[in-house]
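Dear colleague,

I am passing on the structure below, followed by some notes on what was found in it. Please read them with the model open beside you.

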Amino acid sequence: MFSTESPEIEYDIRIARPSDASGIIRCMQSVMDEKIYLVGDIYLYTERGEKDMIRNPDDLNLVATSRGEVVGIMKIQRGIFRKNRHTATLGIAILKGYRHLGIGSKMISQGIEWCKREGIKKLNLEVFSSNENAISLYKKMGFEIEGVRKNKFLIFDRYVDDVLMSINF
């Protein structure tokens, strides 16, 4: 879908394939191991479960790859009930060393276009209040803060808010 290169790092962004499952799991676990960006400590999906998620036609799974390695993942999961089918939830993770290269903004842009084509009217996400770079990016992409859950998380002995953001189409 998209290809670019920086002075040092080349990467592609494309729709995930079932063969990407193990790379997605490694990418997610690596970001989880940093313990400051994602809620979980252990990525719970097996390779089979990840492949099933990739095959779900209701969702969008994008990967960023560099030299054959998955270095970023973005998932947009559509609401599963009749009452929330018009909404979706975005999750994104990019490996350390590949951040601040435009991967996140390019993935989110593609995700927004996909939502519009699919008739999704509202895209939601949650982000730690401590992740100021991500909040700034989301605002730049058109997301607005809808709410804040105060002190929802404890990260390295510091309470952090859960920031709820969304964009409407």
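What should the 14 residues of helix α1 span at 1.5 Å a residue, and how far apart are its end C-alpha atoms? Before the answer, please bear in mind that this is a predicted model. For helix α1, which runs over residues 21-34, the expected span is 20 Å, and the end C-alpha atoms lie 21 Å apart, which agrees.

The buried residues of α1 are Ala21, Gly23, Ile24, Ile25, Cys27, Met28, Gln29, Val31 and Met32, and what covers them includes the helix α2 (47-55) together with β3 (60-66), β4 (69-78) and β5 (87-94). Just after α1, Lys35 takes a positive phi of about 65°.

One residue of strand β3 deserves a separate word, namely Ser66. Ser66 has a relative accessible area of 5%, and because buried means under 20%, it counts as buried. Leaving aside neighbours within four places in sequence, Ser66 is in contact with Ile9, Glu10, Tyr11, Val71 and Tyr98.

Further along the chain, strand β8 (residues 158-168) runs antiparallel to strand β6 (residues 122-128), to which it is joined by 7 bridges, and Leu123 has Ile167 of β8 as its bridge partner. Strand β7 (residues 144-155) is likewise antiparallel to β8, with 8 bridges joining the two, and here Phe153 stands opposite Val160 in β8. The hairpin of β7 and β8 has 2 residues between the strands, and in this hairpin Phe156 takes a positive phi near 50°.

With best wishes

Terms used:
Residues are numbered from 1 along each chain as its sequence is written. This is a predicted model: local features need pLDDT of at least 70, side-chain atom pairs count only at pLDDT 80 or more; totals for chains, interfaces and linings use all residues. Side-chain values use heavy atoms; hydrogens and water are left out. Helices (H or I, at least four residues) and strands (E, at least two) are DSSP runs, numbered from the N terminus. The expected span of a helix is 1.5 Å times one less than its number of residues. Buried means under 20% relative accessible area, exposed over 50%, partly exposed in between (1.4 Å probe, protein chains only). Contact means heavy atoms within 4.5 Å. Two strands pair if DSSP finds at least two bridges between them.
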